[in-house]
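Here are some notes to read alongside the model, one point at a time. Please keep the structure open as you go through them.

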Amino acid sequence: MFNLDQGITEWRRQMVDEGIKAPEALNELETHLRDDVDHHVRCGLSTEVAFERAVQQLGNANSLKSEFAKMAALKRRNYLYRGLGFGIALCLLEGAFCYFALLPAALATSRAYSHWLGFSPVQWEPKEYLRFVKQFMGTVLAFEIPVLLLTLVKVGVLNYHLLSKARKYVVVANLILGAVLTTPEVITQLIMFLPLQSLYEVSVWIAGYWERQAKKRTATAD
Amino acid sequence: MYNAAMIEKELVAASTEPLILSLLSKGESYGYELIQEVKRLSADEIKWTDGMLYPVLHRMEDRGWIKSRWVEIENGRKRKYYSIKKDGHQALKKKREQWTALNSVFSGLWKEQYV
């Protein structure tokens, strides 16, 4: 005798084999299938025939997969656009931070060091000063790393686990960036390092939050 | 009873979002119920492949037009209910204007031809 639950388990397996793997989407399709089977049974069909009709009406796994794939591609594209928009906004903010906060601090520290060591303050040549400012403003790009990381999390290349695992390497990388991109002393290195590392930690936290939310959604759908 | 030719699939595809938004503007609903309602209202002229509705619903949710929640119905079974959001109402208003404009163009044209 036909067993509906077995039939549905087999149907789900076929769907997974064809590439529809998201549990939430599968649960929703299964609910639809059961609703349609109930409807056909109420109309007088046997459960087996009702199930066959419902599966046929729902559509074959291949065409469903292509529709879900289109949806996933659209989602990825949206995330990339959002990442780009957020990246540009953040770039402007960071530019302002570097120019109005970090650069004066670096110049003041440089003057203080010169004074402390008994040298006369550095006399900047316009060309040299512009080169220094350009290098300094290049740090803006370093602040874009979290945006890049979160966009990669959203499109499925990175996840919370990988980001947490990479923390120790990122601390070293951020310290190196702090040393290379600023004046060669510890204070500006730390001024650079702290926001970079904080942004990384925020990225890891956001990735973790997204993962928890996704798990919660899947658990609610089960 | 008047029996119009089956509506072409391109037109069905174009009308899917406004249909869903219009139905959800009346109240919360779920995929199967939406399909049955469209079948009933169109006297079976609009035929959706049932499974294709869900990627559309997910896309609309992603755009922020609709939201969803899982509700336990019976025997531990759960069903995903959709409802319209503020942005969805705005999108519906825009789509309604577009379809009304098209409708009035065709009505005017065909009225002239048949009088």
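1. A word on terms before the chains: helices (H or I, at least four residues) and strands (E, at least two) are DSSP runs, numbered from the N terminus. By that reading, chain A has 10 helices and 0 strands, and its pattern along the sequence is α-α-α-α-α-α-α-α-α-α. Please bear in mind that this is a predicted model, in which local features need pLDDT of at least 70, side-chain atom pairs count only at pLDDT 80 or more, and totals for chains, interfaces and linings use all residues. Residues are numbered from 1 along each chain as its sequence is written, chains are lettered from A and ligands numbered from 1 in the order in which they are written, and side-chain values use heavy atoms, with hydrogens and water left out.

2. Chain B has a mixed make-up, with 4 helices and 3 strands. Read from the start of its sequence, the order is α-β-α-α-β-β-α.

3. Next, burial and surface. Of the 222 residues in chain A, 35% are buried, where buried means under 20% relative accessible area, exposed over 50%, and partly exposed in between (1.4 Å probe, protein chains only). For chain B the buried portion is 40% of 115 residues. Accessible areas come from the Shrake-Rupley method with a 1.4 Å probe, and for residues only the protein chains shown count as cover. Chain A has about 13400 Å² of accessible surface, 64% of it from carbon and sulfur atoms. Chain B exposes about 7400 Å², with carbon and sulfur atoms supplying 53%.

4. How much of the contact pattern comes from residues 24 or more positions apart? Counting contacts (heavy atoms within 4.5 Å) with a separation of 6 or more, such residues account for 70% in chain A. In chain B they account for 54%.

5. The largest nonpolar core is worth a look in your viewer. A nonpolar core is a set of buried Ala, Val, Leu, Ile, Met, Phe, Trp, Tyr and Cys residues joined through side-chain atoms within 4.5 Å. This one holds 38 residues, and those touching the most other members are A:Trp11, B:Ile20, B:Leu21, B:Trp48, B:Leu57 and B:Ile66. Beyond its neighbours within four places in sequence, B:Ile66 is in contact with residues including B:Leu21, B:Leu57, B:Tyr82 and B:Ile84. Another core, of 14 residues, lies apart from it and includes A:Ala106, A:Phe136, A:Val140 and A:Met192. As background, nonpolar side chains tend to be buried together in soluble globular proteins.

6. Two residues of helix H4 in chain A deserve a closer look. A:Gly95 sits in this helix, which covers residues 61-116, and is buried because its relative accessible area is 11%. Setting aside neighbours within four places, A:Gly95 is in contact with A:Met137 and A:Val140. The C-alpha atoms of A:Gly95 and A:Leu141 are 9.0 Å apart, although 46 residues separate them along the chain. A:Thr109 also lies in H4 of chain A. A:Thr109 counts as buried because its relative accessible area is 13%, and its contacts outside the four-place neighbourhood are A:Glu185, A:Ile187 and A:Thr188.

7. Which residues of helix H7 (residues 145-154) of chain A are buried? They are A:Pro146, A:Val147, A:Leu149, A:Leu150, A:Thr151 and A:Val153. Just after that helix, A:Gly156 takes a positive phi of about 90°.

8. Please check the backbone in the loop between H2 and helix H3 (53-62) of chain B, where B:Ala43 lies. B:Ala43 is not a glycine, yet has a positive phi of about 50°. B:Asp44 is in the loop between H2 and H3 too, and its phi, near 70°, is also positive in a residue other than glycine. B:Ala43 counts as partly exposed because its relative accessibility is 44%, and B:Asp44 counts as partly exposed because its value is 38%.
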